Amino acid sequence: MAYYRRSGHVPPKRHTQHRSSDGDLHHEELMGEGGFSSDSSLLYHRGVPSAIVDATPWDPPDQTLTENRPLLPRHLQLHALAGDDWKAVDAVTGRRLVLGNADVRISYVVAGQPSPLYRDAVGDECVYVESGSATIETVFGTLRASAGHYVVIPRSTTHRWLPDGSEPLRLYMIEASSHIAPPKRYLSRYGQFLEHAPFCERDLRGPGEPVPADGEDVEVLVRHRGVDGITGTRYVYATHPFDVVGWDGCLYPYTFDIADFEPITGRVHQPPPVHQVFEGDGFVICNFVPRKVDYHPLSVPVPYYHSNVASDEVMFYCGGSYEARKGSGIAQGSVSLHPGGHSHGPQPSAIERSLGTEFFDELAVMVDTFRPLALGEGGLAAEDPAYAWTWAGRGPS
């Protein structure tokens, strides 16, 4: 994270005794990135954070990936993945894998039940809340999230999702194999947001004060690396992981409201990097928000055709009306996959229709990857097979 936070009760100097009012010694835990050489936080537990009393295998949701072959642009209708039983689904065990590679996996879930305690030991998670609202309880404290919020959860943060239950909680989950952070070009050499960045520290909301929880023999599901890919373990802890009385440091979960992203515009069409919000190893995350568009008198507001020679482009349409895709069946809840090696751009009718437009009322989250993406079981189940042929207006002969 770009800046230091302190919450709850911590001793005046790190790695020194910290006792409760009853004289009990708290247990200090360092949670850090990069093997003691990057951002970290120190958490103070009432119990021993390593004290497990049982461990059994746990199978995460289906992680099977199928190659995108023949190489096609794809339209995935994620709302088709939600059944009438969403009230019985939770945000951990109910997620469906849509796309993935070795660097990042994208899942989707529609949930109504509290999730089990969960820890992703593979990498950070960046979760976009499409609709609904929830409380996210974490070892650091509690976050609140609702439609339009990103929730960034560092690797190995124990947490659980508690939907409000009044409407389906729809989550678009970007699961990294690395850390997720604001782009380096937005930051000073010491980590402060620079003036040209489209958001800043004031827009990032960390957790509230820790509220220590009691409990014995508490289960936590852990997603982690295995010999042949991603696997899982079910731990049972002697005491509750949320027994933290205080913490400080620069590593913690936070939320960011997409409405606080200040779009960068110009006289002619701006390239996707101006929409970037986060990055990880092997991928970037961008968002397209409502904005004034190109104001050159001869501008073409929709994107020009382009070949992704270095990346696969994944666009999740989560609000408004996306001008470049009108006439293709794209709607809210759609995902388009435009793979490297395929030239893509607006639907032909969208180009003339966009001329003279001054404002785009659209909302979309884009993930660009630098290694090819394969289709998960959720992506295969949600595919619209007609999409690839919409530019030509006819299917294969």
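A residue is called buried here when its relative accessible area is under 20%. By that criterion, 52% of the 397 residues in the chain are buried. The model is a predicted one.

The chain holds 30 strands and 2 helices. Its radius of gyration is 22 Å, close to the 21 Å given by the globule rule for 397 residues, so the chain is as compact as a globular protein of that length. The C-alpha trace spans about 75 × 45 × 40 Å along its principal axes. Among contacts in the chain with a separation of 6 or more, 75% join residues that are 24 or more positions apart.

One element to trace is an open sheet of 6 strands, with antiparallel pairing and the order β6-β26-β25-β29-β22-β21. Its edge strands, β6 (74-77) and β21 (276-280), each pair on one side only. From one strand to the next, the twist averages 15°. At the β21 end, the partner strand is β22 (residues 283-288), and the two pair in the antiparallel sense over 4 bridges. One bridge links G280 to F283 in β22.

The nonpolar cores come next. In soluble globular proteins, nonpolar side chains tend to be buried together. In this model, the largest nonpolar core has 43 residues, of which Y150, Y172, F278 and I285 touch the most other members. Strand β8 (residues 104-111) supplies the largest share of this core, 4 residues. Another core, of 16 residues, lies apart from it and includes V109, V129, A134 and L143.

Y172 gives a view of the surroundings of one of these core residues. Leaving aside neighbours within four places in sequence, Y172 is in contact with I106, S107 and Y108, and residues 104-111 form strand β8. The contacts of Y172 also include C126, V127 and Y128, as well as L78, V314, F316, V335 and V365.

A charged residue can be followed in the same way. D120 lies in strand β9, which covers residues 118-120. Is D120 buried or exposed? With a relative accessible area of 3%, D120 counts as buried, because that value is under the 20% cut-off. The side chain of D120 reaches the backbone nitrogen of V122 at 2.9 Å. Beyond its neighbours within four places in sequence, D120 is in contact with E125, R155, S156, E175 and R223.

Key:
Residues numbered from 1 in each chain as written. Predicted model: local features only at pLDDT ≥ 70, side-chain atom pairs only at ≥ 80, totals over all residues. Heavy atoms only, no water. Pairing = 2+ DSSP bridges. Axes fitted to C-alpha atoms, helices over the stretch in contact; angles between N-to-C directions. Buried < 20%, exposed > 50% of the residue type's maximum accessible area, 1.4 Å probe, protein only. Polar contact = N/O pair within 3.5 Å; in protein donor to acceptor, adjacent residues only side chain to side chain. Contact = heavy atoms within 4.5 Å. Core = buried A, V, L, I, M, F, W, Y, C linked by side-chain atoms within 4.5 Å. Rg over C-alpha atoms; globule rule 2.2 N^0.38 Å.
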